[in-house]
Structure formats: C-alpha cells, structure tokens
Amino acid sequence: MLAVRARSPRAAGASGGGVTTEVSAIPEDGGQGPGPEPADVLLSARGVKKYFPVRTGILKRTVGQLQAVDGVDLDIFRGETVGLVGESGCGKSTLGRTLLRLLEPTAGEIEFDGVDVRRLGGRDLKAMRRHMQIVFQDSVGSLDPRMTVRDLVGEGLRIHRLERKHRDVAVLDVLERVGLSAEAAGRYPHQFSGGQRQRIGLARALVLRPKFIVADEPVSALDVSIQSQVLNLLVELKQEFDLTYLFVAHDLAVVGYISDRVAVMYLGKVVELATSEELFRRPLHPYTMALLSANPEPVPGRKHQRVVLTGDVPSPIDPPSGCRFRTRCPIAQPICAEVEPLLVPHDEGPDHVAACHFAGTPIQVGAQHADVA
Amino acid sequence: MTALLEVEGLRTGFDTREGFLRAVDGVSFEIAPGGTLGVVGESGSGKSVTALSVMRLIDRPGRIAEGSRILLEGRDLAALGERELGAIRGNEIAMIFQEPMTSLNPVFTVGNQIAESVRLHQGLGSKEALDRAVEMMRLVGIPSAEQRVQDYPHQMSGGMRQRVMIAMALSCNPKLLIADEPTTALDVTVQAQILELMKELRERLGMAILLITHDLGVIAEMVDEVVVMYAGRVVERGPVADVFASPQHPYTEALLDSIPLLGMRYSTPLRAIRGVVPSPLEWPTGCRFAPRCDYAFDRCVTEDPPLLPVPPQESACWLCEHGRRVPQVRRVVA
C-alpha cells in the first residue's frame, strides 16, 4: 500500500499543544529528537503558504503575489473535527485545498499520517489521496451532469482499480449510509435536490474509506431545514467511519456546532485557535469578538451590543504591515503596525492561542476607529 | 385606513403548458407606516415572488392572478397601468436586491446612477441630482463620497455596492423599502454594518421596511412583525418576539429548532425536517406541510387549514383550532 518514505523529522517541532508558536518561519529541526506523540496527529502543517501570482498586461508580467495563505501552523488530531472559519478571501478554502495538495503549497511542510505529503508523487500520491477526500459546497459544479450516481460515486473506486462488481456493491452500501436509496444509483445529478446532491458528494468521498475529509462549506448553499439534516449526517458518519474532519465554513454557529476545535482565519493567517466552547466563552482576539457579535441570532430580545467593524477586508496582495487586522481593529495601537503578533497562548492555558498584542482586551461597544480606507 | 401597504389574497404564478403554476397562493399581510415586516421562508416558499409582485415586477409568463389586491395607501397596485406604476416605483416604493453587482450598470459611475433615479423621479437638473447623489452617499456612510461618486461599481466592495443600492433606493424618500435578501451575499461583519445602517436610516427617515430573507437571525434583529411562508402560503404570522418564543405552526417550530445557535455542540443533534420543500407542481392536498410534519393527523391530509387566530399570532395549523398549543422547542439559550 503506502510507501512511507522520507519521514521528515521536522514535525518534532510541535510541542503537543497542537500548535507551535512560530508562525511565519518554518521550524528548524527540533534538536531534541522526535516529539513525544506524533501518533495522535493525523495531519500536521508547518508554515504553510500559498501565494498566487498576480499578472497583468499582455505580457502577463507578475506584478505581485496574492498571499492567500501566509504561514499557517496547524495540527489536526485523529478523530477530531477542526473548524476553519473566516470571511470570504481569508484563505480558508485555499488552506483546505493546499493541505490535500490539490493546490501546490508555495512553502511549508505538510505531513499526513507521518508521511511528508509534499514529497509524494505519482503512485504514492495517488495512494495517499485515497485517505484524504474533499466535499465541496457547489454540488452542481462538482458533479458531472452526464454521469449517473453509480458512476459518480464509483469513480474513485475505478481510479483505484476496483472491479466493477465489487464497485457496485460498495456504491450501493455507501449510498444507503448517506441516506439515499438504491434506485438513486441509476439517476443523474439534476434529478436530485441540493441536499441530496450534497449526500452524493459525501458518498463519493466516503466510498474510498478515507481517514480525513475536508468539508468545504458543505452546508452553505442549503436551506436551514436541509442544512440540519446534512450536519446530523456528518456527525453520524464521523462516528461510523472513524473520520477526521477539517470543516471549512463562514458561519460561526455552524462551525462551532460541529467542531471540537476552531481556527479563526483573517487575511491568510490563523488569528485564534481554541476549543469550540472556549472560543465562544472567552474569545481573545478582537476579530473573533467582532465575528461573534456580528452573528445574527434568531433570538429576539437578545440584541446584544454589536462590535461593528469599520471598512472592508484589505487586499491580500498588499496586506497591512504588522498585525493584518489592525486597519479594522477597534483597539489597535502603534505597536500593531510594527510588530506582527505571534499565535501564542495567553492566560487561558496552552491550547487557546491568539495572535494579538492585546489579546483578551474587552472591546468598547461602539468604539470608533479612524477609517483608514 | 391605517395600513401603508395591504396585501390581500395575493396569487402569483406562471402560465405553463400544464396550466397556471402558482408560486404564491393566497398571501395576505399588512404594514403600518414606518413599520417593519419580515417575510421568511426557504427557497421555493414564494417569498421573493411576493416581493416582486408588490413592485409589480412580474414579467410574462408570470402574472398576478385576478382577485389579488395590493393596496398602497388605498390604491390598488394590482390594477394600475404601467405609466401610473412608474410614478410609484422608486418614488413611493423602492427595492434593493441581493446582488448589488447585477443591479448596478457596470458602464456608468455610481454617482451617475443615483443621480439618474433622482432626475427621473423628482425632476431635478443634472447638477442638483449629482449633489443629491453625494448627499445620499454620505448618508449611507460611504467615506469620501465626493470622490467615490466617480467610481464605477467594480471599483467598490460588495458592502459598498450595497450601500450605493440603498442610497439609490432612498434618494426619492420612499414610504416603503422592499429589501430582498439584502445581506445574503455579504460577509457577517459587513452584513452587520448594512443592518445597522438600515435600522438607523429607518429611524431617521421613517420609511416602512418589507424585509425578505431566509435568515431567521436577520429577521430577529431587524423587524417587529414576521410572516412565515411555506409552499406559497403564509403558515404563521405575528410579532417576532412571540413567534420566535412560542411558534404556533409546526413548521416555524421545526425551522427554529434546526438552526445551531452559538455555543450549541454536536452532542445534541439538530432537529431535522424530513424530506424537501415540495415544488409547486406537487403541492400536497390538505396542509402543504403535512407530509413533513411530526404532528400531522388524518385531517391535515384532507383539509387545508386556514390561518387560525392564536393571539397575538395566527397559525395555519389544525392543532391551533382550539387555541394556543405548547411548542416543543428544545433550544437552550446559553
């Protein structure tokens, strides 16, 4: 099966808390030998960057780099769900795809199940891909309209050279587990509703019995009554198939609901990472606080005071110096423009990290910040 | 005559080979001057067609069926001709849409487009109209409005474009603003800005708002009265606080219970509504929610429940025939 080759000793930099404090630099070799518990870590990312060149003119000259993901360290433990939340353009989907090497990282280390993903190629990469799958938001765009559900779901098995008759058994089995009937196998994607198509997407991922699934906004396009069906299904399937999820979404309540730990991203960086409970109870980063307070809750009378951020997210082509959030931050100080804050623990224990010089400072309600835009 | 807008028995549908396909099937509601009403429903519930009908923006093969009444201060919009409608649209009723990019013309500056509506509706000259555009842009919180009035839509962010749409809509002091999913395409922090802006402008200008959205959270923040739609019908309506605290229709109850609130965890499964919203081609007989309802009994399948009074709400459910029922909302408010 998998050729475990060239295991990098660099993951030893992880100290066990799930996160290292180095943000932008790739950690150098640990020095003290291998870390104590890489067994629990399914996926480990160190200093992952993904830049896209910005080209203009007829000569397509590269005039800049869009820093979609700019130095992310993340450990995902076996059996947990990590949520990745942020607004559009923060790099959360790019990070998810880069971790699977669907996008080639610009820099950084990615280890999956002890194997350095970046060094894999050809057959080994294909074998590895079996264990890491992705479910997309757009169930119309990601399912070929000319293929039947049987072929769509069986496609991965075909690529991995399973015989047709075994394939069909496996397809029917997985369809049943995602809540679709056997007769669905003969039909085409357009004959299904959005929620059912999302189940087909899940079946496609699950049929290969992966260890890890990146779910990229899997419920964002669905109506609420269907959203809850799919969320419940994701929770059940995780148990049943011993899965580990990276759940990418913009809806904080949904991410918090399904995740054990949540990473908040802003402009290509993780700004806060904590367990779901902890993040909601004691948000440390002002951006997390703003996200929480902006979330409209269907509870009338609970009209909390809002932290209304001024302006828009700056361009990731030319991000602000120092802390990237400072241009919209209600508590920004001169130091924030000069020194980039590291993603480090504060008073809340080692597992709650935030990248802010003034982490935990309560935000003044209605605080106005000079409009930099 | 207290209501600003009174919609009565609105039926809007589309002429197809199979006959008249109803998307909105007998919807009634009213809005007081300066009031706020939210229409909430999932896709296919008919909420957007309702909004478009009020604006009379339904194009063939769609049409508003006879017998529908849309009364704006007593005048029946459903019976007006195009010319008279032109005087009302933009002037007395204005509308903003979900996607400001497609509603704005990419080849004109935003200032130009705001000015155009002022010129058209209020007969101002070009110079005054442009001044008014700057004034409106300032009102909706666009920084350095004098410069940005020269911007083209693509030079602005989604939030700014929605502000331009609001500026345009409000430039003629409408009595009613219809907002169809105004923040659905926006990020939460920008959505918060736009919602705050709409609230503030409503207080300042005193217009009524008809807000169409699928987002119960936005409804809770923005409006006083809510209409819940399902399969072309109103299933429940009443004051937001009452409807959300004690939903009388099983659909409202299930909808509220299916949304994760901040702080809820996966150890508590969410309420799922089985099945899917039926298409207008296959609306069931009797109560349209009955096939998906946890409480349905024989009568629900045969007889269509009317809106029954359960003060301060109304609910189209047979369980409400003898007064309020106790909803089983399990939501834990953290």
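How many bridges join strand β3 of chain A to strand β8 of chain A, and do those strands run parallel or antiparallel? Keep that in mind while you get your bearings. One thing before you click: this model is predicted.

**Stop 1: two strands in chain A**

Select residues 81–85 of chain A for β3, then residues 244–249 of chain A for β8. Here's what you were asked to find: five bridges join them, and the two strands run parallel. For one pairing to look at, pick Thr81(A); its bridge partner in β8(A) is Tyr245(A).

**Stop 2: the rest of that sheet**

Now widen the selection to the whole sheet of chain A. It is an open sheet of eight strands, and if you walk across it you pass β6-β7-β8-β3-β9-β10-β12-β11. The pairing is mixed. Go to the two ends of the walk: β6 (132–135) and β11 (344–345) of chain A are the edge strands. Each has a single partner strand, so one side of each has no neighbour in the sheet.

**Stop 3: helices lying on the sheet**

Add α5(A), which packs on the sheet and touches β6 and β7 (212–216) of chain A. The direction of α5(A) makes about 175° with that of β6(A). Next add α9(A), another helix that packs on the sheet, here touching β9 (261–266) and β10 (269–275) of chain A. The direction of α9(A) makes about 100° with that of β9(A).

**Stop 4: a helix pair in chain A**

Keep α5 (residues 194–206) of chain A on screen and bring in α3 (residues 149–159) of chain A. Their axes come within 7 Å and cross at roughly 35°. On the α3(A) side, show Val149(A), Leu152(A), Val153(A), Glu155(A) and Gly156(A); on the α5(A) side, show Ile200(A), Ala203(A) and Arg204(A). Colour this contact by class and you get five nonpolar, one polar and two charged residues.

**Stop 5: where the chains meet**

Turn on chain B as well. The contact takes 40 residues from chain A and 43 residues from chain B. On chain A, look at α6 (224–241), α7 (252–258), α8 (276–281) and α9 (286–294), each of which supplies at least two residues of the side that touches chain B. Which helix gives the largest share of that side? That's α6(A), with eight residues. By class, the chain A side divides into 21 nonpolar, twelve polar and seven charged residues.

**Stop 6: chain B as a whole**

Hide chain A. Chain B has twelve helices and 13 strands. Its radius of gyration is 21 Å, close to the 20 Å that the globule rule gives for 334 residues, so chain B is as compact as a globular protein of that length. Along its principal axes, the C-alpha trace of chain B spans about 65 × 50 × 40 Å.

**Stop 7: the sheet in chain B**

Chain B has an open sheet of eight strands too, in the order β7-β8-β9-β3-β10-β11-β13-β12, with mixed pairing. Its edges are β7 (93–96) and β12 (308–310) of chain B. Turn it in the viewer to follow the twist, which averages 20° from one strand to the next. At the β12(B) end, three bridges join β12(B) to β13 (residues 313–315) of chain B, and these two run antiparallel. Try Val310(B): its bridge partner in β13(B) is Gln313(B).

**Last stop: a helix pair in chain B**

Finish with α7 (residues 158–170) and α8 (residues 188–205) of chain B, whose axes come within 10 Å and cross at roughly 15°. They are therefore roughly parallel to each other. Residues in the contact include Ile166(B) of α7(B) and Leu197(B) of α8(B).

Note on methods: Residues numbered from 1 in each chain as written. Chains lettered and ligands numbered in written order. Predicted model: local features only at pLDDT ≥ 70, side-chain atom pairs only at ≥ 80, totals over all residues. Axes fitted to C-alpha atoms, helices over the stretch in contact; angles between N-to-C directions. Helix = DSSP H or I, 4+ residues; strand = E, 2+ residues; numbered from the N terminus. Parallel < 35°, antiparallel > 145°, perpendicular 65-115°, else oblique. Contact = placed C-beta atoms within 7 Å. Pairing = 2+ DSSP bridges. Nonpolar A, V, L, I, M, F, W, Y, C, P; charged D, E, K, R; others polar. Rg over C-alpha atoms; globule rule 2.2 N^0.38 Å.
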